[in-house]
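Hi everyone, thanks for making time. I'd like to walk you through one structure today, so have a look at the sequence and the model while I talk.

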Amino acid sequence: MKKNSYLIKSLFFLGFFLVSSISQAQNDSIPKSKGEFWEKVRFGGGLGLNLGSGFTSVSVSPAMYYNFNSSTALGIGVTGSYIEDSGEYNSWIYGGSAIGLYNPIEYIQLSAEIEQLRVNVKVDSNLGYGSDNFWNTALFLGAGYRANNFTVGLRYNVLYNENDRIYADAWIPFVRVMF
């Protein structure tokens, strides 16, 4: 349990560091000669923490986007998560993604994202399962309603397989916020 407490604290501080770094990246202290590139860069991502009776879930997913113009952007992101349930199950998931965004009109955002995740699962042998380590690839095509830096929508995993044990369904809702 002490190891898990250390892990949760470490992930919390890592997430805090990433969020504070991203917020500092928006300072206007960048010299104007370099400002042209950085004016087109946006940051986003997600942080998650879920604690319950014997259950812990921690996730960190920072992302960076480059806007080529007002309608097209490309981005990259990294993902890391840890899940534990009563000491009988734990999972590490980490990897990266590349995403393309296109806004055909101001309020609609279309996206295509390729994601590669490494999954490490350990289940208590008393339950009849063991460990499993594998790679999972997903290709998401999505559409959403966009208002300024906020997009909410639905994406579809073209490579979804019922046996992949990462996503429960091929259709996944999303919320995207970029700063």
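Let me start with a term: I call a residue buried under 20% relative accessible area, exposed over 50%, and partly exposed in between, using a 1.4 Å probe and protein chains only. Now the background: this is a predicted model, so local features need pLDDT of at least 70 and side-chain atom pairs count only at pLDDT 80 or more, while totals for chains, interfaces and linings use all residues. Residues are numbered from 1 along each chain as its sequence is written, and side-chain values use heavy atoms, with hydrogens and water left out.

Okay, the overview. The protein has two helices and eight strands. By those I mean DSSP runs, H or I with at least four residues for helices and E with at least two for strands, numbered from the N terminus. Going along the sequence, the pattern reads α-α-β-β-β-β-β-β-β-β. There are 179 residues in the protein, and 34% of them are buried. The accessible surface is about 11400 Å², with 60% of that belonging to carbon and sulfur atoms; these areas come from the Shrake-Rupley method with a 1.4 Å probe, and for residues only the protein chains shown count as cover.

So, how are the strands ordered in the sheet? It's an open sheet of eight strands, β1-β2-β3-β4-β5-β6-β7-β8, with antiparallel pairing. At the edges you have β1 (41–52) and β8 (171–177), each pairing on one side only. Pairing here takes at least two bridges found by DSSP between two strands. On average, neighbouring strands of this sheet are turned by 20° against each other, direction ignored. That angle is between lines fitted to C-alpha atoms, for helices over the stretch in contact, and angles run from 0 to 180 degrees between N-to-C directions. As a reminder, strands of a sheet pair through backbone hydrogen bonds, either parallel or antiparallel.

Let's zoom in on β2 and β3. Strand β2 covers residues 55–67, strand β3 covers residues 72–85, and 11 bridges join the two. They form a hairpin with four residues between them. If you want landmarks, M64 stands opposite I76 in β3, and Y65 stands opposite G75.

Moving on, β3 is joined to β4 (residues 89–105) by 14 bridges, again antiparallel. One pair to find there is G80 with its bridge partner Y94 in β4. The hairpin of β3 and β4 has three residues between the strands, and in it S86 takes a positive phi near 50°. N148 has a positive phi too, near 55°. You'll find N148 in the loop between β6 and β7. Is N148 buried or exposed? It counts as exposed, because its relative accessibility is 70%. For context, most residues other than glycine have a negative phi.

Now the inside. Which residues make up the largest nonpolar core? There are 11 in all: I93, L117, V119, V121, V123, F134, A138, F140, I166, Y167 and I172. Two elements, β5 and β6 (131–147), give two or more residues to this core, and β5 gives the most, with four. There's also a second, separate core of six residues, including A63, Y65, I99 and M178. A nonpolar core, by the way, is a set of buried Ala, Val, Leu, Ile, Met, Phe, Trp, Tyr and Cys residues joined through side-chain atoms within 4.5 Å.

Let's stay with β5, which spans residues 108–123 and holds S111. S111 counts as buried because its relative accessible area is 10%. Leaving aside neighbours within four places in sequence, S111 is in contact (heavy atoms within 4.5 Å) with I99, G100, L101, F140, L141, G142 and R176. V123 is in strand β5 as well, and it counts as buried because its relative accessibility is 16%.

Last stop: the structure holds one salt bridge. That term needs a side-chain nitrogen of Lys or Arg within 4 Å of a carboxyl oxygen of Asp or Glu. Which side chains meet in it? They're E113 and R155, at 2.8 Å, N to O. E113 sits in strand β5 and R155 in strand β7 (residues 150–157), so to speak distant parts of the chain, 42 residues apart. Both E113 and R155 are buried.
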